[in-house]
Amino acid sequence: MVRSVAERAYLPARNLLEEIGDMMILTGRTIVSALRPPYPYGGEFVSQFLFVLKLCWFPLLISTLAICYAAPGLQAANFLTLFGALDRLGGIFILAAVREIGPAVTAVVLAGVAGTAITADLGARKIREELDALQVLGVDPVKNLVVPRFLALMVATGLFNVYAILFGIFGGLAAELVNHQPLGPFWTTFFENADTTDLWGSVVKCTVYGAIIAIICCYKGMTASGGAEGVGRAVNQAVVLAFLAVFAFNYVFTQMLLATHPEILVIK
Amino acid sequence: MATVEQQFEWHSGKNRSAGVPDAIEFIDVYKSFGSNKVLQGLNMGLPEGMISMILGPSGTGKSVCIKHIVGLLYPDSGDVVVHGQSVPSLSDAELFEFRRQFGVLFQDGALFGSLNLYDNVAFPLRQHTEKGEEEIAEIVNRRLREVGLGDAGQKMPNELSGGMRKRAGFARALVLDPQIVLFDEPDSGLDPVRTALLCELIKEIHAENGGTYVVITHDIMSARRVAEYIAVLWRGRIVEAGLAQDLFDSENPFVKQFLSGESAGPLGME
């Protein structure tokens, strides 16, 4: 009984560890390929970047606006009204929108919209043996397919993070207006709590989210097997793994940022 | 559970020489995927300048052989030697250079879905040569005409039938004048007439260009039409190999059963 349970747990755990190892290797190969000449991926980078922009700008706008209006906006406003401290909502938005919700929603939208499209595209190419054909024709799929997607997602998540923060703050402003409050106190507490560390920390974190999503989604696409069903499975696994990895990284990054910049722990 | 002796009861390993040196050699190659042992001590030589066929039942490791030849897979143990060069010992950079001597026709053509037929066939030329667009156009159009797709250059792969995709893949495989052309089940998914036409095309182009052709199939009619040399693969090892006529005359019960398509014999449904 114990042995059978152990065997059942051992194989999936081993497979998961092997996959994580393979993804680490892919990350290393991607970085080396991106830096080492030649650089044939410029055109593909631009097309992937535009593809991500086109797919994600609207879902991201709606998601950040709605979640920031509802969660830290209306909910926190209700709570703060108890203490007559609704002006503090601006300060909360530094914690909520800039440090956490902006990057998190950006990662979720990009993994769900662009990451899955990347996995499906590479998975279909794998099933049709296009990736094998590329290699046989002397083309390195890492340099020509993974690197441009990796760079495009990193740049796009970094930039989209600022965009998500802006629309998130609009959500907070909307919550203030719904509560018939002037916007001045909101901005005052917002800028009192704002620090450049908040902004660069948020952008760096989100850029790394893009790298994580790109590697997981490319890896899952390039290792898809088992026909159309296999591609569907790969897409599903890619999005689940990407969410887990992003949230795990968020924990590590946040701990490190707070430990190395204790001044941002102080709420003013 | 069959013993090793029972498993390889019919594998005489007899290798009748074709009288020419081998272009490709598998030396005691083992390859497993998880618990699935695909190649189990494969020793096989494929002669230079001939059309060789690797024949065998489905799931016996034929496509795995092709992937070992071009370095898409590596053996767990043993060696794969092409023109005297050990494939597993090549570095990534050497491997990309080494692959230029190959043309590969994948099962479904493996055309790039985002490129039209012309650009698919031109892709290797643009990637590996310094030729100008005029010269590329001349070569691509000649190759497309050879495979009967002279007017289809602007079509996208999803507008083509299975047979057309295979012929287009064949044109792309030939465009760099490779020394070795590998065909992974060129007959799969084709009706008998189109299979026959594709086989004729393979023979014609081989007669015209020369080189070593390796065709993987389980279709006996294709083997009769095209093969000059046959290696029969089963359970990851060679049962027998030799010139086509010698194999068709073989007395080995497995080879006899497989090449005649009989239901009675060592090969069952397992």
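# Close-up views of a two-chain model

**View 1. A lysine inside chain A.** Lys205(A) sits in helix H7 (residues 196-222) of chain A. The model is predicted. Lys205(A) is buried, at a relative accessible area of 3%. A polar atom of its side chain lies 2.7 Å from the backbone oxygen of Arg99(A). Which residues does Lys205(A) contact, once neighbours within four places in sequence are left aside? They are Arg99(A), Glu100(A), Pro103(A), Phe249(A), Asn250(A), Phe253(A) and Thr254(A). Arg99(A) thus appears both in this contact list and as the owner of the backbone oxygen at 2.7 Å.

**View 2. A salt-bridge network in chain A.** Salt bridges link Glu44(A), Asp121(A), Arg125(A) and Arg149(A) in a network. Within this network, the side chains of Asp121(A) and Arg149(A) meet at 3.2 Å, N to O. Asp121(A) lies in helix H3 (residues 89-127) of chain A and Arg149(A) in helix H5 (residues 141-178), so the pair ties together parts 28 residues apart in sequence. The two partners differ in burial: Asp121(A) is partly exposed at 28% relative accessibility, whereas Arg149(A) is buried at 1%. Side chains of opposite charge can pair when their charged atoms come close. Over all chains, the count comes to 20 salt bridges.

**View 3. A cis peptide bond in chain A.** The bond from Pro37(A) to Pro38(A) is cis, with omega near 0°. Most peptide bonds are trans. Pro38(A) belongs to the loop between helix H1 (2-35) and helix H2 (42-82) of chain A.

**View 4. Where chain A touches chain B.** Here 13 residues of chain A are in contact with 20 residues of chain B. The two chains bury about 1,500 Å² between them, with 64% of it on carbon and sulfur atoms. Which three residues supply more than any other three of the area that chain A buries against chain B? They are Glu129(A), Val136(A) and Leu137(A), with 42%. Between the chains the count is one salt bridge. The side chains of Asp132(A) and Lys67(B) meet in a salt bridge at 3.3 Å, N to O. Five residue pairs are in polar contact across the interface, both residues at pLDDT 80 or more. Helix H4 (residues 130-136) of chain A gives the most to its side, with six residues. By class, that side of chain A has five nonpolar, two polar and six charged residues.

**View 5. Two nonpolar cores.** The largest nonpolar core has 104 residues. Those with the most contacts inside it are Ile24(B), Phe26(B), Leu42(B), Met44(B), Phe102(B) and Leu182(B). Leaving aside neighbours within four places in sequence, Phe102(B) is in contact with Ile69(B), Val70(B), Val82(B), Pro178(B), Ile180(B) and Leu182(B). A second, separate core has 50 residues, including Val140(B), Phe170(B), Ile202(B) and Leu247(B).

**View 6. Positive phi in two loops of chain B.** Ala110(B) has phi near 50°, a positive value in a residue other than glycine. Most residues other than glycine have a negative phi. Ala110(B) lies in the loop between strand S7 (102-105) and helix H4 (117-128) of chain B. Is Ala110(B) buried or exposed? Ala110(B) is buried, at 2% relative accessible area. Glu185(B) also has a positive phi, near 45°. Its loop runs between strand S8 (180-184) and helix H7 (192-209) of chain B. Glu185(B) counts as buried too, at 11% relative accessibility.

**View 7. Salt bridges within chain B.** Glu146(B) and Arg143(B) meet through their side chains at 2.8 Å, N to O, in a salt bridge. Both lie in helix H5 (residues 133-146) of chain B, three residues apart, about one turn of the helix. Glu146(B) is partly exposed at 22%, whereas Arg143(B) is buried at 2%. Glu133(B) forms a salt bridge with Arg126(B), the closest N and O atoms being 3.0 Å apart. Glu133(B) is partly exposed at 45% relative accessibility, and Arg126(B) is partly exposed at 36%.

**View 8. A loop aspartate in chain B.** Asp249(B) lies between helix H9 (244-248) and helix H10 (253-260) of chain B, in the loop. At 49% relative accessibility, Asp249(B) counts as partly exposed. Its C-alpha atom is separated by 27 Å from that of Val181(B), 68 residues apart along the chain.

Note on methods:
Residues numbered from 1 in each chain as written. Chains lettered and ligands numbered in written order. Predicted model: local features only at pLDDT ≥ 70, side-chain atom pairs only at ≥ 80, totals over all residues. Heavy atoms only, no water. Core = buried A, V, L, I, M, F, W, Y, C linked by side-chain atoms within 4.5 Å. Buried < 20%, exposed > 50% of the residue type's maximum accessible area, 1.4 Å probe, protein only. Contact = heavy atoms within 4.5 Å. Buried area = accessible area lost by both parts, 1.4 Å probe. Salt bridge = Lys/Arg side-chain N within 4 Å of Asp/Glu carboxyl O. Polar contact = N/O pair within 3.5 Å; in protein donor to acceptor, adjacent residues only side chain to side chain. Helix = DSSP H or I, 4+ residues; strand = E, 2+ residues; numbered from the N terminus. Nonpolar A, V, L, I, M, F, W, Y, C, P; charged D, E, K, R; others polar.
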